[in-house]
Each structure stands twice: as C-alpha cells, then as structure tokens.
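Colleague: I'm new to this one. Could you show it to me and let me quiz you on the words you use for it?

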Amino acid sequence: MTEPLPRVMWLLSHSTAREFEIAMLKKLGFAEVFLPKSFPMEAGFRSASVDYSEDARLSIPPDDLAILNAADWYSDPGRDVWQIANKHFQVLFFIVQSSSFLSSMARHFQGVAILRAYGLSQDMSYDRILLHYGQGTRMLDGLGRRLWMGTAYEHIASIEPPWLRRREVYLPAGLDDCRVRGDWTGHDPTLLFVCPEVATNPYYMQIYRKFKTWFADFPYVVGGAQPLMPNDPHVLGFVPADAYRRNMREFRVMFYHSTEPNHVHYHPFEAVRAGMPLIFMGGGILDRFGGDGLPGRCSSYEEARHKVRRILDNDRKLINEIRFSQPRLLNGLHPETLQPLWRQGMEQVVDSLRSLPPSTLSRKPRIAVILPVPYRGGTLRSAKLLAQALLAGSRQFDEKADVVFAYPHVPEEGADKWDEGLPPEIPRRSLTWLALEAAAARRAMKFAGHSAWGPTAERYLAMDDGMQQFCDCDLWIIVSDRLSAPLLPIRPYILLIFDYLQRYDAAFPENADYAFLAAARAAARVLVTTRFTEGDALAYGGIARERLFRVPMLIPERPTVECAHREAGDSHFLWTTNLAAHKNHLNAVRALREYYEVLDGRLECRVTGADTKDLLKSELPHIQPLRALVSESKVLAKKLRPLGELPEMLYQRQLATASFLWHPAQVDNGTLSVVEAAQLGVPSLSSRYPAMEEMNERFGLHLAWMEAGDPSQMARQLKWMEEHGPSVRSRLPGTNALAAHSVEEVASEYWKVVRECL
C-alpha cells in the first residue's frame, strides 16, 4: 500500500478488539482512524476506555469533528452528519446496532462499509440479522460492492448464503499484546465468571442460571456489564480497568462456559494473558485455538466443577499444568502473525474503493405522493398540500427534487377532481392496485434487483401506473395507512397517518386493521400531524419511536373569494361532513331539531361534503335514523339543506357568506375546514376533542366548543353562535397570523424528515 490510504471511521465498542484492530490499521499505514466520542459503551467486564487525544492528530476541521463526536451513531445520525462523514472518511467499520442505523448508513454513506463479524451463536447468522434489521436486503442492495463482511475467524462465513460469502474479507481477531504477565498471585480463592446482562438478556440469563446450578456453593464473583443489577451480591457490574486488571491478578481461577463453534469472548484470552488458570468447556471455538487436549479443557460440567474445586483448594500441580500449557491459546492472536492477513484483506478493501465510480447522482431524486384510495375532502386536500410542501421544501434546501402526485383510477370520476389546486410543476398519474401472491412477489423483487429478498406474507400489493410501477421514483409517500396487504418494498416508503379512528369505533371488527398496522410498522418513517395521533401511533400502532415524526399540519392557501360583508341578516351556517360514522350525524340532527323547535333557531343549516347529497337517502345503518327525525319535523325538513360535494369555488362562496362553520364530529385528526373558515373571516363551532384543541392552539382560532355526545348542549351552542356571531368573529386570527403557517413557511419541516430517506 504505497498510495495515501483512506481515513477510517470506527463504530465498534469492544475495547480489547479495538485496541488490537486500530493498532493493526495504523501499522498498515492507516494513520487516521476516528472513533466518535458518543459511541463507546461499557461492553464487558471493564470500561471501554479510549484515548481521545488522537482527535488532535486528525486532519479534520474542528467544527466537523465536533458534529461527528456528538452524533447518535447507535441510531440514525442524520443525512447532514453523513455528508460530513463522507467528506472525510472512505472506510467504515460497523456492527448492526439498529434498523435505523443500518438503513441510514446504507442510504447515505458513500464509501466502503465493513460489517465486523466476530461470530454469532450457532442458531444465528449474519444473513438473518441483516434480513431482519434491513427489512430484507433491499436497503443493502444499494451498497452493492461497497459492503464487505469482515470476518474475525476464517470459518464463520461458511454458514452464510452466497450473496454474503461473496462479500467476505478475512480480518482475523487478535490481541495487541500476547505476552503472558508474570504477576498473577491467585491469593484470593475466588472463582471469576464473566456474564453480562444477567437480568435483562434471556440468552445470558440462562447461562447465569446454569453457572449457579453448578458453582453457587463456591466463592465466586460475576463480572460483565449489567444494565439492571440482579439481586445477587456476587454480581459486580461495572468494574474500572485498574480494578479489572487487579482482579485478574488476584482471583484464583476463571471459568469459561461457551461451547459455541462460531464465537468466543475476549475475557478467556485476557485471563490467559494475565497468567490466571482458565477452566473452559470443550467443543467450542477455543478448540480451534489449540484448546483441545489442554488440562484446563472440560468435557462436562462435572469435570469443570471438580477442577475448579481443586484449584480453589490451591492444588499447585493442576494450577501449574494449566498455567504453563494454556498460552498456546494465544498463538493465533499474535499481531506479528496476523499482520500479513490484515494487509491482504485491507488491500482488497482499498482496491475496491479505488475502483468505485464517482458517487454523483445523474438526476434529481423523484418522490411519489400517493393517495391509496379515492379519498375526497380533507384527505385529498392534504395529499395535494403535501406534494406542494415537498416541492417547496426541496428548493428551500437547494436540493431540488421532482414530485409526482398519484391517485386511484376511478373511471366514473373526472380527472379534474384530482388535479384541482396542484401547480403544473407536479405531474399527475393514476394508479391501480395489483395483488401479488408470494411467489409472484419474489419474482418481482428479483427483477427489481433485490435477489435475496424473501416474502413473509401470503400476498403483497403493487402499484401499476401504466409506466414503470413507480420504480422511476426513489421514495413513495402513502397518504394514510389504508393498505389491505403489505406493500411490495421495491422502493422505501413513508406513511402519512392522520388518525386511528378504528381505535375509537366499537363497530370496527377486531383485528381488521392488522394490515394497516403492519404497513406502518414496515415503513421507513411514519408522519403524523398531531400529538393525539402521535400517542395513538406509539401505544396502539406499535410504531417505533425513532421512525415516528410529528410534522406541522398543512393548511391551504388563502381562498380566492373575498370575505363577505355581513349585516345582521345572516341566513345560514355551514356543516361540512361526509357519511363516515365518526361524523356524529344522529346527534347532530337531534341537536338541529332542538335548535329549531325548542330554541327557535333561525339560521338555515347547509350541508356540504363528499356524498352529502345522499344524507337523507343513504342505506348506511348509522344514517338511516336521520330520515325519521327529519320527516317528523317540518321546520327541520325546511331548514336542513344538503348541497352535496361542491366545486372548490362554490364551496368557498357558501363558506364566505356563512354565519359560522359547524363541526360536530366525535373524534378524528381535526378538520382543515375551520382554518379555511378563519381565512374567510368565518368563526367555527366544533366538538371538543384532542385534535381540535391542538388545531385551536396552533392556529389561534378561538373556536367555540360543544360536547358531541350531548345534543341539547349542542343545540344551545348553535343558538349562542347565532346570537353572538359578531363578537366571536372579532376574535379570529388576522391574515398575517395564518399566513405564518402556510405551505411555504412549514415546507422545510417536511423536507428535513423526507430527505433522510432519499
């Protein structure tokens, strides 16, 4: 390696491995190796100490170094942090800490990424780990030949599938110093056993219990990191490095339990290096290091117990036999022996790095905003506003992206309904949904370049736009979670979820929303617009906290009609609704009847929204009782006027001339109608529930409230609004106050979240 070598970022926490491997890299000429300060953790019996004075020797600007040191490398450090890392580092050593880290690294790191493979339990493989955390190999496929599996032991790749074996580079584990110290005393007749997480990790809990079954009557201590200390005074928990070395010097014997063929901990090697007698179980990877035939090796726990008892009783003959023979376990760990293998492996890595094409994009990224079902009203309007926000946000960040708006193909619906309000820079597409059985889904993913992907469901959904099935888009954003089966993950996708109404609807069939929840849990990110829905997403939806983001509610631009000049003769108020059950129609009509018949209400109630032309004709079970209520009241039949779904301009005119807007729904994510009303100088009377309270607080709407479950109270509030219209209107927010929440003003908040998935 005669050319200047790349800088290395080291995202591994095990102190013993780090000491050897960073030292090895420096011996090979990798002069700049960086370990972020936020990364090291207590990974074993002692602290993971590190000398940060090395930072001063890095040729990296201090400001960039401070950002890298402060980033969260256990989860998703963020696109901007990765951009700084890409400026300075070309090689990254990592282990899989979380799904969010893996996806973030795969999307944003442009150099060579080496998965450091120290081996796993025999029932586990790195392929399974990557498929689990990576949601298949889809996110890793983008790394291509930039991904390596750096194996610490030469046999552990043999159990992996071909796609991962092809990416193996052998970088053997070792010790920076293999000299056996001569200061062991063994004065303390105590058995040392290292077992972390004995109260929190089921795997180690089982090992700990088995150890106590055989050795609890001996004097013993248990080392290892303990996030939660068990009720056992023998468990030491965190031990500083000096105390760790002292314990190795003074304790009489160590027992090592593992018979795993593909993984070994470092502490048995550290015991040998300290000169402490090691009793270990045979059949594991220590046999490959020369353990077979050593006097400290045991074929059963009975044998191990017998030998431990002899050593604790100070059997000098056995102690000396073990101490003088066991250093051969260190023979395969000497840096002088391993340096040629590391040189060969890192030459492979560096050669592959130098052969990579430039990491420049040939085109702008493209995002599809997709309306999955033919929603109208507020959801349709919000989807269009989202498309506009992404277009504006990308330009504000000078990261211009193309945005496509897609909607379901409904032959009887004209295209104007879907296009209205969208700027010409956002192209439109119609789509139809295809259902693919598992075998067909596997073939589709293979043709899309994800050869290692395997189905986990019987059926998947794919989108057909008559072009490329949206494969020309880099990211899909689905507006709602209403997907009847998992989405075929040809591209990463985000869900924008407005509410979890099924949680509050007793008539909703149990488990009928399983597909909705599964779609959200598999999404790269989930967006919500209220604290109310955010809480439901966590508690009911099971969305991981790190993938859930609350973004501002998008409101439409100020209506184009002029605010009406009102006099005392206001003639109507406007009820915006649809035929969904949560809209509370029965209580609303009961309240209207009492408003007219008991309270002598004089304002006409005009009803508008999707399907409201059929408000008194629908056969829906929750709508049918309205007919009798209306037919029994002449005044109600006269004053209740269903207008149906109006074109935008006609709706705005009806709203602009209304005395107030009425929103009697039970619970949802709120309605933009109250904001549109305020923009036109029209106050609103609304049911009081969390999402509406949030909207009232955010936009300063000074809403008047009513209780959705009490028709009489609703009627009294209708009369109050009739009588106090001018005073309520005077409290509405001004034009400038609402303009501060426009799409242009909040677009950057959306782009900050979405850009991380590109």
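Modeller: Sure, we'll go from the whole chain down to single residues.

Colleague: What kind of model is this, and what is the mean pLDDT of the chain?

Modeller: This is a predicted model. The mean pLDDT of the protein chain is 89, with 93% of the residues at 70 or more. Two stretches fall below 50, though: residues 41–50, with 38 contacts beyond near neighbours in sequence, and residues 564–569, with eleven such contacts. Where pLDDT is low, the predicted coordinates should not be read in detail.

Colleague: How many helices and strands are there in the chain?

Modeller: There are 28 helices and 26 strands. The chain has 758 residues, of which 56% count as buried. Its C-alpha atoms fill a box of roughly 110 × 60 × 50 Å along the principal axes. Among contacts with a separation of 6 or more, 70% are between residues 24 or more positions apart.

Colleague: Let's take the sheet of six strands. What makes β2 and β6 edge strands?

Modeller: The strand order is β2-β1-β3-β4-β5-β6, with parallel pairing, in an open sheet. β2 (33–34) and β6 (168–170) each have a single partner strand, so one side of each has no neighbour in the sheet. That is why they stand at the edges.

Colleague: How do you know that β1 and β3 pair?

Modeller: Pairing takes at least two bridges. Strand β1 (residues 8–11) and strand β3 (residues 91–94) have four bridges, in the parallel sense, so they count as a pair. Leu11, for instance, has Phe94 in β3 as its bridge partner. Helix α13 (residues 335–354) packs on this sheet, touching β3, β4 (112–117), β5 (147–151) and β6. The direction of α13 makes about 150° with that of β4.

Colleague: Why is helix α3 called largely enclosed?

Modeller: Because seven of the ten residues of α3 (residues 79–88) are buried. Those residues are Arg79, Val81, Trp82, Ile84, Ala85, Asn86 and His88. Their cover includes β1, α2 (62–70), β3 and α4 (99–108).

Colleague: Which residues of helix α18 are buried, and what do they pack against?

Modeller: In α18 (residues 531–539), the buried residues are Phe532, Thr533, Glu534, Asp536 and Ala537. They pack against β19 (525–528), β20 (548–550) and α24 (690–699).

Colleague: Why are α14 and α28 called roughly perpendicular?

Modeller: Helix α14 (residues 377–396) and helix α28 (residues 743–754) pack at about 80°, and their axes are 7 Å apart. Roughly perpendicular covers 65 to 115 degrees, so α14 is roughly perpendicular to α28. The residues of this contact divide into ten nonpolar, five polar and one charged. On the α14 side they include Leu385, Leu386 and Leu390. On the α28 side they include Val743, Tyr750 and Trp751.

Colleague: Ser742 is in the loop between α27 (735–739) and α28. How do you know whether Ser742 is buried or exposed?

Modeller: Buried means under 20% relative accessible area, and Ser742 has 14%, so Ser742 counts as buried. Leaving aside neighbours within four places in sequence, Ser742 is in contact with Ile555 and Glu557.

Colleague: And what makes Glu676 buried?

Modeller: The cut-off is again 20%, and the relative accessible area of Glu676 is 4%, so Glu676 is buried. Glu676 lies in helix α23 (residues 673–679). Outside its neighbours within four places in sequence, its contacts are Arg381, Pro556, Pro559, Glu648, Tyr651 and Leu655. Glu676 and Cys178 are 498 residues apart in sequence, and their C-alpha atoms are 74 Å apart.

Colleague: Last one. Why is Arg305 called partly exposed?

Modeller: Partly exposed lies between buried, under 20%, and exposed, over 50%. Arg305 has a relative accessible area of 26%, so Arg305 is partly exposed. Arg305 is in helix α11 (residues 301–312). Beyond neighbours within four places in sequence, Arg305 is in contact with Trp214, Phe215, Asp217 and Phe218. Arg305 and Ile279 are 26 residues apart in sequence and 9.2 Å apart from C-alpha to C-alpha.

Key. Residues numbered from 1 in each chain as written. Predicted model: local features only at pLDDT ≥ 70, side-chain atom pairs only at ≥ 80, totals over all residues. Heavy atoms only, no water. Axes fitted to C-alpha atoms, helices over the stretch in contact; angles between N-to-C directions. Helix = DSSP H or I, 4+ residues; strand = E, 2+ residues; numbered from the N terminus. Parallel < 35°, antiparallel > 145°, perpendicular 65-115°, else oblique. Contact = heavy atoms within 4.5 Å. Nonpolar A, V, L, I, M, F, W, Y, C, P; charged D, E, K, R; others polar. pLDDT = per-residue confidence, 0-100. Buried < 20%, exposed > 50% of the residue type's maximum accessible area, 1.4 Å probe, protein only.
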